[in-house]
Amino acid sequence: MSTSSPDWLTHGHPHIWLPYTQMKTADLPAPVARTQGCRIELADGRVLIDGIASWWTACHGYNHPHIVHAVQAQLERMPHVMFGGLVHEPALTLARRLCALLGPGLDRVFFTESGSVSVEVAMKMAMQYWSNLGEPQRRRILAFRGGYHGDTFGTMAVCDPGIGMHTAFDGAVARQDLCELPTDEARADMLEAWLAARADQVAAILVEPLVQGAGGMRMHAPAVLARLREMADRHGILLIFDEIFTGFGRTGSLFAFEQAGVRPDIVTLSKALTGGTLPLAATVASQRVFEGFWSDDPTHALMHGPTYMGHALGCAAALASLDLFETEPRLAQVRVIEGLLREGLAPCNALPGVREVRVMGAIGAIELTSRPDPAALRRAFLEAGAWIRPFGRIVYLTPAFVMPPEDLRRLTGVICEVLGASAAAHPA
């Protein structure tokens, strides 16, 4: 089997700029020829089991025929039309179906193209809501340490700077407020004291429900969300749930907030929204928030409008993805995956250098005691036939919900083998 690089990689790589990559020192990226199910086929014929579903998006696996057919049919009818003054059936039908799935109170959908932008829109909604109601001093967004909400300038302001992705912009970002998640009484008391002193300046509380994803796969109990809802209500503050990572089954329920029995004022969705096929995101607001913009005053309108807002192809893919959640046993599959992850990753607890193993739904994370060489780990996983991309001190799996048990067992086994070999080669 040839391992030489295809011409398109050799000639194209000098002209591409890759994400989160020091281009001078990074390994050459793996050239992908095609995908199918839970597999990635490289240009040289090697086949990888995808352990992270393309940054958590491909929940139904790759190339699901129902989504492929829906996108092809929509492409023939209308790939895109501007959403300013025009609307189309896929977007409005998707908005209606999303509101029905989210449940009573979340009634208005604003479509964008990426998760970062959907959070920016949520922040703008919250701030302008209060401004429209005569409280323009409410400009602060309270977020939490360990959180990550995107890479745009607005979302960088609500990410934990300790994560390290945005240090180059220190001083340029209009930093918002960060507190500790109220995971125990002491932290709850600190948050309560903070809110008591500043509530009249706060537009919204922003949190990733149940799992802080890119900040380190940190997990917390549903009771934390209930506590935040109670605090937000008592202090008259909006509550935003960022479900970009957790939404559409990843934590074991369709939306993570369902496990807490509370509802946000605004929720953001993306990633698995289209089943990993096309860029699309949504910011869904309560009727209360929407009514704050309902006015004869044109300056009270929400002034935001992406060029590809309500992208018809993306909406068609999202509708097909929702069909699959209705017709195929996705949440039952997630429960099976959760059990397999607990079983398969448990041996890592005994490895030197492992601080903790965490599992929730279709998320399995191993936190190491020190930061490894991520490139070396990626190479080892690649050589073992697995696509796993560690970050920071975290090695994790977020597989497609349709992954066969034997593939998942192979992935957990590879992680145990690679981390074991790494510990043996670099003893403390």
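In this predicted model, strand 7, which spans residues 202-207, has six of its six residues buried, so the strand is largely enclosed by the rest of the structure. Its pairing can be followed on both named partners. Strand 5 (residues 140-144) runs parallel to strand 7 and is joined to it by three bridges; within this pairing, Arg-140 has Val-202 of strand 7 as its bridge partner. Strand 10 (residues 238-242) also runs parallel to strand 7, and here four bridges make the connection. One of the residues involved is Leu-206, whose bridge partner in strand 10 is Ile-240.

The chain beyond strand 7 offers a backbone detail. Leu-210 sits in the loop between strand 7 and strand 8 (211-212). Its phi is positive, about 75°, although the residue is not a glycine. With a relative accessibility of 1%, Leu-210 counts as buried, because the cut-off for that class is under 20%.

A second loop deserves similar attention, namely the one between helix 2 (53-56) and helix 3, where Cys-59 lies. The relative accessible area of Cys-59 is 0%, and the residue is therefore buried. Apart from its neighbours within four places in sequence, Cys-59 is in contact with Ala-272, Gly-275, Phe-325, Ala-400, Phe-401 and Val-402. As a reference to the strands described above, the C-alpha atoms of Cys-59 and Leu-238 are 30 Å apart in space, while the two residues are separated by 179 residues in sequence.

Asn-63 belongs to the loop between helix 2 and helix 3 as well. Its phi is near 60°, a positive value in a residue other than glycine. Asn-63 has a relative accessibility of 37% and so counts as partly exposed, whereas Cys-59 is buried.

From this loop the description passes to helix packing. In general terms, two packed helices are described by the angle between their axes and the distance between the axes. For helix 3 (residues 65-77) and helix 10 (residues 312-327), the axes come within 8 Å and cross at roughly 150°. That angle makes helix 3 roughly antiparallel to helix 10, since values over 145 degrees fall in this class. The crossing of helix 3 past helix 10 is right-handed. On the side of helix 3, the contact is formed by His-66, Ile-67, Ala-70, Val-71, Gln-74 and Leu-75. These meet Ala-312, Leu-313, Ala-316, Ala-317, Ala-320, Ser-321, Asp-323 and Leu-324 of helix 10. By residue class, the contact comprises 10 nonpolar, three polar and one charged.

Further along the chain is an open sheet of three strands, ordered 13-14-16 and paired in antiparallel fashion. Strand 13 (354-360) and strand 16 (394-397) stand at its edges; each has a single partner strand, so one side of each is left without a neighbour in the sheet. Neighbouring strands of this sheet are turned by 15° against each other on average, with direction ignored. The pairing of strand 13 with strand 14 (residues 363-368) is antiparallel and rests on six bridges. Among the bridged residues is Val-354, whose partner in strand 14 is Leu-368.

This sheet also has a helix against it. Helix 13 (residues 405-425) lies across strand 14 and strand 16, and runs at about 165° to strand 16.

Definitions and conventions: Residues numbered from 1 in each chain as written. Predicted model: local features only at pLDDT ≥ 70, side-chain atom pairs only at ≥ 80, totals over all residues. Heavy atoms only, no water. Buried < 20%, exposed > 50% of the residue type's maximum accessible area, 1.4 Å probe, protein only. Helix = DSSP H or I, 4+ residues; strand = E, 2+ residues; numbered from the N terminus. Pairing = 2+ DSSP bridges. Axes fitted to C-alpha atoms, helices over the stretch in contact; angles between N-to-C directions. Parallel < 35°, antiparallel > 145°, perpendicular 65-115°, else oblique. Left-handed = near helix turned anticlockwise from the far one by under 90°. Contact = heavy atoms within 4.5 Å. Nonpolar A, V, L, I, M, F, W, Y, C, P; charged D, E, K, R; others polar.
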